[in-house]
Amino acid sequence: MKSGARIEAFLEMMSAERGAADNTLASYRRDLEDASEFLGGRLADADAPAIRGYLDDIAGRGFAATSQARKLSALRQFFRFLYAEGLRTDDPTGVLDSPKKDRPLPKTMSEAETGRLLDRAAMEASETAEGDSLAATRLHALVEVLYATGLRVSELVSLPLTVALRDERFFVVRGKGEKDRMVPLSAKAREAMRRWLGDRNANPRLVESPFLFPASSESGHVPRQVFARELKGLAARAGIASAKISPHVLRHAFASHLLQNGADLRAVQQLLGHSDISTTQIYTHVLEERLLKLVNEHHPLAD
């Protein structure tokens, strides 16, 4: 079996057994075919020095450390697949080091800024004239639910109506890799959802939609770009620089504020839907600050 056929077999496995998304599969394909081309079509038979030569080549081509690491990750998974299938007796990537990369700290918001944003959304939802309140109550619900749950924006805007039909303190969301996880709802988020459902279900254009946040878009729900634009407008009206905020920033605020107030890193990992704790470890700076404060405040020799 040639390398091309083995790449196809690997991609088929990733799709069928692991539920990899189309864009993930396309990324794997590009990375593996690039490596195979460099190795003269002999990727499946390559040894560690040959793969190291490829990694040196992409570094020389100016690829960032993050891109190099992504390509090596694709190669690792490919060779693990070949080993598991009995198509190789070794994994040549096992002796290769990952390129060093700096992980930037996520942009976030202070608790005070987040409070101002939520208060502004609540005020606009309650003070907008009846008949014009649809956009305001929707935005209020979106913001409250995002900060209460830390959902990815794609998960948030595409929530099915069924998650909100039972007024419970949590709901189940389907995230990456078709994995379900349970996320909690604060009392304020539940109240904002109730108000939005009242407006939504009173609107004949929206009531039949299967989505919690329906819209006349190609997807049938509020596009993530529309929500991001509305969120920036809300921030500006709350006196917060709009360049500082995005749905992803509010997701980071959710995680950072939980950790600042004593949450466990693994609990935050589960709430965010991270499959690997290493992804959540971008927040370790928050834990370090918390531990330093704890020592400074309570250690008998701190003074």
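Okay, which residue stands opposite Val183 in strand 2? Hold that thought for a moment while I set the scene.

What we have here is a predicted model, so please keep that in mind the whole way through. The chain has 303 residues, and 43% of them are buried. On the secondary structure side, there are 13 helices and 2 strands. If you take the contacts with a separation of 6 or more, 61% of them are between residues 24 or more positions apart.

Right, back to the opening question. The residue opposite Val183 is Phe171. Let's stay with those strands. Strand 1 and strand 2 run antiparallel, with 5 bridges joining them. Together they form a hairpin with 5 residues between the strands, and in the turn Gly177 has a positive phi of about 65°. Another facing pair is Phe170 and Pro184, the latter in strand 2.

Now look at the faces. In a regular strand the side chains alternate between the two faces of the sheet. In strand 1, the covered face has Phe171 and Val173, while Phe170, Val172 and Arg174 sit on the uncovered one. Strand 2, residues 180–184, has Arg181 and Val183 on its covered face, and Asp180, Met182 and Pro184 on its uncovered face.

Phe171 turns up again when we go to the cores. The largest nonpolar core has 42 residues, and the ones touching the most other members are Leu117, Phe171, Leu212 and Phe227. Who supplies this core? At least two residues each come from helix 5 (111–127), helix 6 (134–149), helix 7, strand 1, helix 8 (187–201), helix 9 (224–237) and helix 10 (247–260). Helix 6 has the largest share, with 7 residues. There is also a second, separate core of 26 residues, and Phe10, Ala46, Phe78 and Leu82 are included in it.

Let me zoom in on Leu212. Leaving out anything up to four places away in sequence, Leu212 touches Leu159, Pro160, Leu161, Val163, Ala164, Met193, Trp196, Leu197 and Arg200.

One of those partners, Leu161, deserves its own minute. You'll find Leu161 in the loop between helix 7 and strand 1. So is Leu161 buried or exposed? Its relative accessible area is 15%, and the cut-off for buried is under 20%, so Leu161 counts as buried. Again skipping residues up to four places away, Leu161 touches Leu197, Arg200, Ser209, Pro210, Phe211 and Leu212. Take Pro210 from that list: Leu161 and Pro210 are 49 residues apart in sequence, but their C-alphas are 5.5 Å apart in space.

Next up is Val153, which lies in helix 7. Val153 is buried, at 14% relative accessible area. Not counting neighbours within four places in sequence, Val153 is in contact with Arg224, Phe227 and Pro247. You may remember Phe227 as one of the residues touching the most other members of the largest nonpolar core. And Val153 is 93 residues from Ser246 in sequence, with 9.5 Å between the two C-alphas.

Two more buried residues, and these have polar or charged side chains. Where is Ser133? It's in the loop between helix 5 and helix 6. With a relative accessibility of 12%, Ser133 counts as buried. Neighbours within four places aside, Ser133 is in contact with Thr128 and Asp199. Then there's Asp34, in helix 2, residues 22–38. Asp34 has 18% relative accessibility, so under the 20% cut-off it counts as buried too. Beyond residues up to four places away, Asp34 touches Tyr54, Ile58, Arg61 and Lys71.

Last stop: a pocket. Rolling a probe the size of a water molecule over the atoms shows where empty space is left. The second largest pocket has a volume of about 270 Å³. It is lined by 17 residues, and the closest to its centre are Glu155, Arg174, Gly175, Lys176 and Glu178. Which elements give two or more residues to that lining? Helix 7 (153–157) and strand 1 (170–174) do, and strand 1 gives the most, with 3 residues. By type, the lining divides into 7 nonpolar, 5 polar and 5 charged residues.

So strand 1 has come up three times: in the hairpin with strand 2, among the suppliers of the largest nonpolar core, and in the lining of this pocket. That's me done, thanks for listening.

Definitions and conventions. Residues numbered from 1 in each chain as written. Predicted model: local features only at pLDDT ≥ 70, side-chain atom pairs only at ≥ 80, totals over all residues. Heavy atoms only, no water. 1 Å grid on protein atoms, 1.4 Å probe; cavity = no way out; pocket = protein on both sides within 12 Å on 5 of 7 lines; lining within 4 Å. Points joined across faces, edges and corners; volume = space filled by probe spheres on them. Helix = DSSP H or I, 4+ residues; strand = E, 2+ residues; numbered from the N terminus. Core = buried A, V, L, I, M, F, W, Y, C linked by side-chain atoms within 4.5 Å. Buried < 20%, exposed > 50% of the residue type's maximum accessible area, 1.4 Å probe, protein only. Contact = heavy atoms within 4.5 Å. Pairing = 2+ DSSP bridges.
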